[in-house]
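The following exercises ask for a careful reading of one model, with a worked solution after each task.

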Amino acid sequence: MALKIRLARAGSKKRPYYHIVVADVRSPRDGRFIEAVGAWNPLLPKDGERVKLDEERVKHWLAHGALPTDRVLRFLDQAGISKRDARSNPTKAQPGKKAQERAALLAKAQEDAAAAAAEAAAAPAEASAE
């Protein structure tokens, strides 16, 4: 049985509150779970008690093969229970292939226009010099 430590949504509309639960991966997000091991209230200020964890039970489930989701792993990293590797995707902010092609065409068109303007400016200067 594959286990996950994940968030289960509670709270009313536009007032989120999450339980941190250990659940089978096949069970629905807000459905059946094995054990609740904490809570997260994202509406509280960041310097307050947003995340509450039962560290002993979390360590128990991690030892039994439960895998935390990325968001839960962030909480565990802040609590010093588990280590989350830093993610780095330096190419994420770069435009796609089509956008890069359009930018290259635009740059070439601007270069051609600048060259044509320089030639046009140089032609009358040569005519007046003769």
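**Exercise 1.** Does F75 count as buried or exposed, and at what relative accessibility?

*Solution.* The model is predicted, so local features need pLDDT of at least 70 and side-chain atom pairs count only at pLDDT 80 or more, while totals for chains, interfaces and linings use all residues. Residues are numbered from 1 along each chain as its sequence is written, and side-chain values use heavy atoms, with hydrogens and water left out. The scale is set by relative accessible area, where buried means under 20%, exposed over 50% and partly exposed in between (1.4 Å probe, protein chains only). F75 has a relative accessibility of 6%, and therefore counts as buried.

**Exercise 2.** Find the aromatic pairs of the whole structure, and state how each is arranged.

*Solution.* Begin with the criterion: rings of Phe, Tyr and Trp (its six-membered ring) pair if their centres lie within 6.5 Å, and planes under 30 degrees apart count as stacked, over 60 as edge-to-face and the rest as tilted. The search of the whole structure gives two aromatic pairs. In one of them, the ring centres of Y18 and W40 are 5.2 Å apart with the planes at 25°, so this pair is stacked. Because Y18 belongs to strand 2 (residues 15–24) and W40 to strand 3 (residues 35–40), the pair ties together parts that are 22 residues apart in sequence; helices (H or I, at least four residues) and strands (E, at least two) are here DSSP runs, numbered from the N terminus. Next, the rings of W40 and F75 have centres 5.1 Å apart and planes at 55°, so that pair is tilted. With W40 in strand 3 and F75 in helix 2 (residues 70–79), the tilted pair ties together parts that are 35 residues apart in sequence. As a last step, Y18, W40 and F75 join into one aromatic cluster, in which W40 is buried, with a relative accessible area of 12%.

**Exercise 3.** Describe the largest pocket through its volume and its lining.

*Solution.* On a 1 Å grid over the protein atoms alone, a pocket is an open set of points where a 1.4 Å probe fits, with protein on both sides within 12 Å along at least five of seven lines, and lining residues have an atom within 4 Å of a point. The largest pocket has a volume of about 350 Å³. Its lining holds 14 residues, of which W40, R50, V51, F75 and Q78 are the closest to the centre. Strand 4 (51–53) and helix 2 are the elements that give two or more residues to this lining, and helix 2 gives the most, with five residues.

**Exercise 4.** Which residues have the most contacts inside the largest nonpolar core, and which elements supply the core?

*Solution.* A nonpolar core is a set of buried Ala, Val, Leu, Ile, Met, Phe, Trp, Tyr and Cys residues joined through side-chain atoms within 4.5 Å. The largest such core has 15 residues, and I5, L7, I20, V37 and W61 have the most contacts inside it. At least two residues of this core come from each of strand 1 (3–12), strand 2, strand 3, helix 1 (55–63) and helix 2. To follow V37 further, take contact as heavy atoms within 4.5 Å: leaving aside neighbours within four places in sequence, V37 is in contact with residues including I5, I20, K52, D54 and W61.

Technical notes
Grid points are joined across faces, edges and corners, and a volume is the space filled by probe spheres set on the points.
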